[in-house]
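Biologist: I have a structure open and some questions. Can you walk me through it?
Modeller: Sure, go ahead and show it.

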Amino acid sequence: MPLTAYDLTGRSAFITGAAGGIGRACAVLLAAAGATAHCADLDEKGLLETRDLITEAGGAAHIHVIDVTDRSRVGAAVAAAGDLDILAAAAAGIMHTSSVLETSDEDLDRVLAVNFKGVLYACQEVARSMIARGGPGSLITMASGAVDSAGPGLLCYSAAKAAVVQLTKTLATELGPHAIRVNAVAPGWIRTPMTARHEADRQHRVEATMARLSPLGRVGEPEDVAHTVLHLASDASAFMTGQILRPNGGVAMPW
Ligand code: NAD
């Protein structure tokens with residue numbers, strides 16, 4: 001029996017990036033807490049796996065195969081989902097691109113499109129639907145520890161994430177009067193397909209370094225982030241808006 005404040009029974013959540021990694025963990029946990037999970041992603045196979053995980057555990061899930069950079073597809077999926085109480089915007093693109101001096105328009109546009117505009121479109125569409133229904137609601141964006149520090153090759157990623165933080169804070173001021181809360185999660189190093197790709201692209205073991213830097217001696221798992229998202233989605237965080245929560249094992253991202 002869940003604690004009342006964390007019980008999402010009767011609520012509906014739209015989760016982008018739900019085919020894998022952090023987005024999947026969020027969809028599974030929000031559904032376990034009682035929400036109907038509307039799982040959105042480019043990757044249909046991954047979405048079907050997420051749906052199976054949820055339904056096999058007794059939860060309710062629907063899938064929406066969309067590219068979050070396509071505003072009209074995001075709008076259509078949100079409309080198809082019906083009344084929504086929660087957004088968790090976790091779809092991600094590429095972390096590492098190139099040095100600042102070598103950054104091309106293509107690099108910048110590609111990363112901003114998924115990691116910033118994709119979050120913006122989802123927030124806009126879900127917020128409009130929440131306002132039309134008279135609220136309340138909770139929007140959760142996915143920033144990163146990269147907003148707290150800098151590192152070679154991460155300009156596009158960290159700039160997009162910094163923009164997500166400002167989007168979150170600005171939206172919190174605009175949507176508060178509609179009883180819609182807006183918060184960001186800024187995870188540290190979490191073991192997902194995205195970090196596995198990053199690790200494979202580099203010459204050294206970033207994961208081992210991150211684990212050593214944490215007072216807890218480990219990197220994160222997607223479920224560590226999902227529990228932070230559950231907190232922000234639920235009434236347990238009813239007086240929190242415009243905040244950035246950092247599930248990062250105590251590591252201030254050093255790169
Ligand atoms: P991931 O690559 O493992 O999963 C991302 C999901 O997004 C995938 O299922 C992918 O298919 C989907 N996706 C990518 N582009 C899309 C698009 N255009 N439209 C729809 N879906 C799309 O990534 P992850 O590590 O789970 O990251 C999730 C979020 O958390 C991202 O915003 C990422 O920046 C953030 N984050 C991750 C870490 C980490 O260490 N893993 C740390 C900080 C922040």
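Modeller: One term before we start. A nonpolar core is a set of buried Ala, Val, Leu, Ile, Met, Phe, Trp, Tyr and Cys residues joined through side-chain atoms within 4.5 Å. Also, this is a predicted model.

Biologist: Fine. How many residues has the largest nonpolar core, and which have the most contacts inside it?
Modeller: That core has 33 residues. F14, L87, V126 and L139 have the most contacts inside it.

Biologist: Which elements give two or more residues to this core?
Modeller: They are α3 (71–81), β4 (86–89), α4 (105–133), α5 (155–175) and β6 (180–185). The most comes from α4, with 8 residues.

Biologist: What does L87 touch?
Modeller: Leaving out residues up to four places away in sequence, L87 touches F14, A122, C123, V126, M130, S138, L139 and I140. There is also a second, separate core of 32 residues. L8, A27, I86 and V185 are among its members.

Biologist: Switching to the ligand. Which residues are closest?
Modeller: D41, A92, Y157, I190 and T192 are the closest, out of 28 that surround the ligand.

Biologist: And polar contacts? Which atom of Y157 is involved?
Modeller: An N or O atom in the Y157 side chain sits 2.6 Å from an oxygen atom of the ligand. K161 also brings a polar side-chain atom, 2.8 Å from a ligand oxygen. I190 uses its backbone instead: an N or O atom there is 2.7 Å from an oxygen atom of the ligand.

Biologist: How much of the ligand does the protein bury?
Modeller: The protein buries 92% of the 830 Å² that the ligand exposes when taken alone.

Biologist: Now α6. Which of its residues are buried?
Modeller: M194, T195, H198 and E199. They line one face of the helix, because seen down the axis of α6 they fall within an arc of 135°. The face turned away from that buried side carries the exposed residues A200 and D201.

Biologist: What covers the buried residues of α6?
Modeller: The cover includes α5 and α7.

Biologist: Then α7. Which residues are buried there?
Modeller: Helix α7 spans residues 206–213, and V206, E207, M210 and A211 are buried. Those residues are on the same side of α7, because they cover an arc of only 135° around the axis. Their cover includes α6 (193–201).

Biologist: What about T50? Buried or exposed?
Modeller: T50 is buried, with a relative accessible area of 0%. T50 lies in helix α2, residues 44–56.

Biologist: Which side chain makes a polar contact with T50?
Modeller: The R24 side chain does, at 2.8 Å. Setting aside neighbours within four places in sequence, T50 is in contact with A18, A19, R24, A27 and C39.

Biologist: E56 is in α2 too. Is E56 buried or exposed?
Modeller: Exposed, with a relative accessible area of 67%.

Biologist: On to R181. Where is R181?
Modeller: R181 lies in strand β6. R181 counts as buried, because its relative accessibility is 12% and the cut-off for buried is under 20%.

Biologist: What does the R181 side chain do with the backbone?
Modeller: A polar atom of that side chain lies 2.9 Å from the backbone oxygen of L232. The backbone oxygen of M240 lies 3.1 Å from a polar atom of the R181 side chain. The residues that R181 touches, not counting those up to four places away in sequence, include G137, S138, A233 and T241.

Biologist: Last topic, backbone oddities. What should I expect in general?
Modeller: Most residues other than glycine have a negative phi, and most peptide bonds are trans.

Biologist: So which peptide bond is cis?
Modeller: A cis bond joins G135 and P136, with omega of about -5°. P136 lies in the loop between α4 and β5 (137–142).

Biologist: And what is the phi of A179?
Modeller: Positive, about 65°, although A179 is not a glycine. A179 sits in the loop between α5 and β6. A179 is partly exposed, with a relative accessible area of 43%.

How values were computed
Residues numbered from 1 in each chain as written. Predicted model: local features only at pLDDT ≥ 70, side-chain atom pairs only at ≥ 80, totals over all residues. Heavy atoms only, no water. Buried < 20%, exposed > 50% of the residue type's maximum accessible area, 1.4 Å probe, protein only. Helix = DSSP H or I, 4+ residues; strand = E, 2+ residues; numbered from the N terminus. Arc of directions from axis to C-beta. Contact = heavy atoms within 4.5 Å. Near = heavy atom within 4 Å. Polar contact = N/O pair within 3.5 Å; in protein donor to acceptor, adjacent residues only side chain to side chain. Areas by Shrake-Rupley, 256 points an atom, 1.4 Å probe, with all protein chains shown as cover.
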